[in-house]
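Visitor: I would like to be walked through this structure slowly, one question at a time. Could we begin with whatever I need to know in order to count its parts?

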Amino acid sequence: MAAAVEVQGVSKRFRLYEEKYTSLKERILHAGKVPYHDFWALKGIDLEIAHGETLGILGRNGSGKSTLLKCIAGVLKPSAGEIRLRGQLAAMLELGAGFQPELSGRDNIYLNASLLGLSRREIDKSFDDIVAFAELEEFIDNQVRFYSSGMYVRLGFAVAVNVNPDILLVDEVLAVGDERFQQKCMERIHRFQKEGRTIVVVSHAPDMMRQLCNRVAVINSGQLVTVGNPGQSIRRFRDVLMDSDENTGAVPAVEIEEGSLAAAPAPPPSNRKVRIVAARLETDHPERTNMHPGEPARVVVDLEVTSELSQVVFGCSLWSQGDDLIFNYEGAEPRRLPIGRSQVTFSFASLPLLDGSYSVNVKVQEPAGGTVHARMEPAVVIPVENPGLTTGMVSLPLTVELTTGTGQSEPALVDQLPT
Amino acid sequence: MARVEQAGLPAEPRTALADDLADLWGSREDLPVRVVSARVSTAHRLKEIWRARELLVFLVRSELKVRYKNSFLGFLWSFLNPAMVLLIYYVVFRYIEHTQLSDFAVFLFCGLLPWNLFNTAILSSAGTLVANAGIVKKVAFPREILALSQVGVALSYFFFQTCILVVFLVGFQVMPEWRYLPEVLLALVCDIVFSAALALVLSALNVYMRDIEHLIQVVMVALFFAEPIVYPYSSVQSHLANHGLTWLYLANPLTAMVLAFQRCIYGNVKSTATTPSYTVRKGLLITHIVHTPIQSLANYGTGFYLELMGGMLAGSLLLFYVAMLIFRRVEGNFAEEL
């Protein structure tokens with residue numbers, strides 16, 4: 001089956017004028033000598049998005065991710081290349097774009113939905129759903145200008161999702177309304193996924209991507225860096241982020257090094273203040289390749305500090321194979337890091353994990369989510385083998401007791417959990 | 001059984017038609033392919049605009065609704081300007097210039113109808129893309145619709161003004177020459193296509209050169225006098241012929257439209273010039289008042305009108321095609337220019 005969205009060699013050039021002339025008079029006065037330079041926001045992007053897939057587009061601010069989404073939506077026309085879309089499209093670039101404040105909510109639903117490409121009959125059919133979803137039954141005949149900003153975006157979102165698109169484009173607009181409404185939005189997105197609709201999400205928030213997407217594309221300076229499974233892409237995105245923090249511009253040609261039990265060293269740009277030299281896993285049973293559930297484990301990280309840092313915290317996170325976050329610690333007490341070699345040990349008194357292989361990511365950063373000085377993803381991979389009967393991810397202490405009608409208690413069944 | 005089949009019969013052609021339409025315009029079921037590219041064919045564009053026809057209706061309706069809601073006198077405001085124009089010219093030409101046309105108000109109205117349609121459509125569409133920057137930047141839809149919706153608004157005013165004209169006709173007891181109605185309809189189509197073409201171009205260019213909007217207002221004032229709206233065609237006909245400029249005057253599509261409207265609606269009104277004449281009889285000076293019928297309208301035949309209209313329609317359609325090309329050419333950068 002043909003892809004839902006085919007992006008073929010799409011480039012987009014913006015002409016940046018040093019001074020913008022927006023009148024005929026000025027244009028005539030400055031005819032032929034308007035200084036400008038070309039800026040390529042997208043450079044030869046090739047991308048295929050299959051039907052039913054949820055693709056995330058990840059990139060820093062100004063990387064071109066929103067430009068790509070706008071091109072897919074048809075709001076911007078690419079300077080070169082073309083995009084083919086199969087199916088009805090709804091783009092949520094901005095919620096409630098095109099609401100006419102003077103009109104009632106009812107009129108605006110019709111106007112907005114038909115802007116998104118719905119026919120009158122289709123709108124009639126889903127009108128009640130839209131109103132119910134936006135929870136605006138009482139106010140639907142009021143002028144939209146009297147709506148609160150929350151009501152406004154709710155109505156916008158309700159219209160967009162009820163368009164029932166085959167392809168839905170979302171540009172970081174999911175963070176609207178209160179928590180309950182956000183929950184509802186996410187549920188709707190998940191339902192779309194189950195119904196096999198194609199979704200393209202743009203964000204600079206990797207965690208949302210991990211939850212939502214089948215595949216993630218990373219864009220930097222208008223070029224496609226990588227497309228792949230979320231975990232891999234997000235790791236690559238972090239590399240790109242860090243590298244551009246130091247030497248802005250160029251896309252690094254560093255391939256991701258797949259984590260192994262032995263540590264993978266981080267790329268060492270010269271002006272980094274801290275470098276993670278190595279990381280290793282220490283267990284109580286070094287003779288076994290696999291750990292057992294509930295055993296203690298230590299992740300020892302060697303640091304090389306080239307310039308003193310007065311306040312840093314050490315964070316670590318634990319991820320499942322499917323890139324689900326199991327545990328995250330962002331660091332609390334700020335510490336001083338003197339020049340020279342240092343060692344950080346993350347000790348888990350017990351790791352109640354079941355079968356699988358788990359990655360531990362570590363980072364050194366400024367307190368309260370500040371600059372990340374160094375990170376290693378993954379620092380170590382922990383393979384766990386469960387000799388017991390339980391399955392899943394986390395080993396929880398469990399007893400099962402049966403009391404029968406005769407008042408006799410059977411002895412409790414206890415799983416063989418090594419402690 | 002036979003009855004059932006018979007009952008089922010009439011439904012047959014309709015489904016076939018629906019299928020044809022679905023084939024032509026694409027339906028949700030077979031997932032229409034949309035291509036976003038710098039190069040899209042005009043036929044494809046027209047198809048997209050056709051698909052968005054309901055949006056056009058919604059936009060026109062909401063525009064009217066907003067204008068209606070916003071002000072105390074509501075809808076009437078939009079007629080204040082044309083009414084004022086009518087009144088001023090009526091007073092000036094009737095009582096100051098002493099025009100010899102009878103039912104001068106009806107004559108004015110005939111010319112103002114197609115002019116107002118054009119004028120309103122152009123003036124309001126020029127700024128529409130800039131005014132609707134919010135949706136142009138954020139929503140993908142054929143942007144031509146915005147300019148076209150302004151033509152739609154002007155067209156609905158046209159129909160309201162036509163209703164008022166009917167009141168005038170009844171009041172002045174003027175009976176239109178119904179034979180010429182087809183030319184009027186042709187002129188109306190011409191007017192719509194011509195206005196739409198200019199609306200497309202001007203609205204698009206105004207994104208890049210924002211003073212076009214103001215320039216148009218100036219040009220419109222001059223253009224108003226290039227058609228025989230406030231003066232009869234007969235008063236310029238001989239001058240034009242003397243200078244060989246008749247073709248230039250008639251090349252203005254609005255002139256053709258105005259003439260067609262006047263011929264049909266005003267054609268039955270007889271105007272007479274009253275001039276005193278003196279004769280000497282038996283040594284006495286006798287004064288007569290002589291009534292000579294004057295030719296107020298163009299004295300061309302139906303063939304000429306049809307030719308003129310046909311030419312104008314062809315020209316307007318060509319212009320519309322060119323306008324689509326220009327619009328598409330510059331449309332790609334709207335979102336960044338606004």
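Guide: Helices, of at least four residues, and strands, of at least two, are DSSP runs that are numbered from the N terminus. Please keep in mind that this is a predicted model.

Visitor: How many helices and strands are there in chain A?

Guide: Chain A has 419 residues, and buried residues make up 40% of them. Counted as runs of the kind just described, the elements of chain A are eight helices and 19 strands.

Visitor: How many helices and strands are there in chain B?

Guide: Chain B has 338 residues, of which 36% count as buried. Among its contacts between residues at least 6 apart in sequence, 82% join residues at least 24 apart, while the corresponding value in chain A is 70%. The elements of chain B are 16 helices and three strands.

Visitor: What is the order of the strands in the open sheet of three strands in chain A?

Guide: The pairing in this sheet is antiparallel, and the edge strands, each of which pairs on one side only, are strand 10 (274-283) and strand 15 (340-351) of chain A. From one strand to the next the twist averages 15 degrees. With strands 10 and 15 of chain A at the edges, the order reads 10-11-15.

Visitor: Which residue is the bridge partner of R275(A) in strand 11 of chain A?

Guide: Strand 11 of chain A covers residues 295-305, and strand 10 of chain A pairs with it in the antiparallel sense over nine bridges. R275(A) falls within strand 10 (274-283) of chain A, and its bridge partner in strand 11 of chain A is E304(A).

Visitor: How many bridges join strand 12 of chain A to strand 16 of chain A?

Guide: Strand 12 (residues 309-319) of chain A runs antiparallel to strand 14 of chain A, with two bridges between them, and V312(A) has R335(A) as its partner there. Strand 12 of chain A is also joined to strand 13 of chain A by four antiparallel bridges, and C316(A) stands opposite Y329(A) in strand 13 of chain A. With strand 16 (residues 356-365) of chain A the pairing is again antiparallel, L318(A) has V360(A) as its bridge partner, and the number of bridges is seven.

Visitor: Is A332(A) buried or exposed?

Guide: A332(A) lies in the loop between strand 13 (325-329) and strand 14 (335-337) of chain A. Its C-alpha atom is 8.0 Å from that of F314(A), although the two residues are 18 residues apart along the chain. A residue is exposed if 12 or fewer other C-beta atoms lie within 10 Å of its own, and because A332(A) has 10 such neighbours inside 10 Å, it counts as exposed.

Visitor: How many of the residues of helix 2 of chain A are buried?

Guide: Helix 2 of chain A spans residues 65-73 and is mostly covered. Its buried residues include K65(A) and K70(A) as well as L68(A), L69(A) and I72(A), and the helix is followed by G74(A), whose phi is positive, near 90 degrees. The count of buried residues in helix 2 of chain A is nine of nine.

Visitor: Which helix gives the largest share of the largest nonpolar core?

Guide: This core has 160 residues, and among those touching the most other members are I72(A), L169(A), L200(B) and F261(B). A second, separate core of 27 residues includes V305(A), L353(A), I382(A) and V384(A). In the largest core, the largest share, 16 residues, comes from helix 10 (residues 181-208) of chain B.

Visitor: Why is helix 10 of chain B called oblique to helix 11 of chain B?

Guide: The axes of helix 10 and helix 11 (residues 212-224) of chain B are 9 Å apart. Their contact involves L202(B), L205(B) and N206(B) on one side and I212(B), E213(B) and I216(B) on the other, which divide into four nonpolar, one polar and one charged. Angles over 145 degrees count as roughly antiparallel and 65 to 115 as roughly perpendicular; the angle here lies in neither range, and so the pair is oblique, at about 135 degrees.

Visitor: Which helix gives the largest share of the side of chain B that touches chain A?

Guide: Here 32 residues of chain B are in contact with 42 residues of chain A. The residues on the side of chain B divide into 16 nonpolar, five polar and eleven charged. Elements giving two or more residues to this side include strand 1 (33-37), helix 8 (133-138) and helix 11 of chain B, but the largest share, eight residues, comes from helix 4 of chain B.

Conventions:
Residues numbered from 1 in each chain as written. Chains lettered and ligands numbered in written order. Predicted model: local features only at pLDDT ≥ 70, side-chain atom pairs only at ≥ 80, totals over all residues. Pairing = 2+ DSSP bridges. Axes fitted to C-alpha atoms, helices over the stretch in contact; angles between N-to-C directions. Core = buried A, V, L, I, M, F, W, Y, C linked by C-beta atoms within 7 Å. Buried ≥ 20, exposed ≤ 12 C-beta atoms within 10 Å, placed from the backbone. Parallel < 35°, antiparallel > 145°, perpendicular 65-115°, else oblique. Contact = placed C-beta atoms within 7 Å. Nonpolar A, V, L, I, M, F, W, Y, C, P; charged D, E, K, R; others polar.
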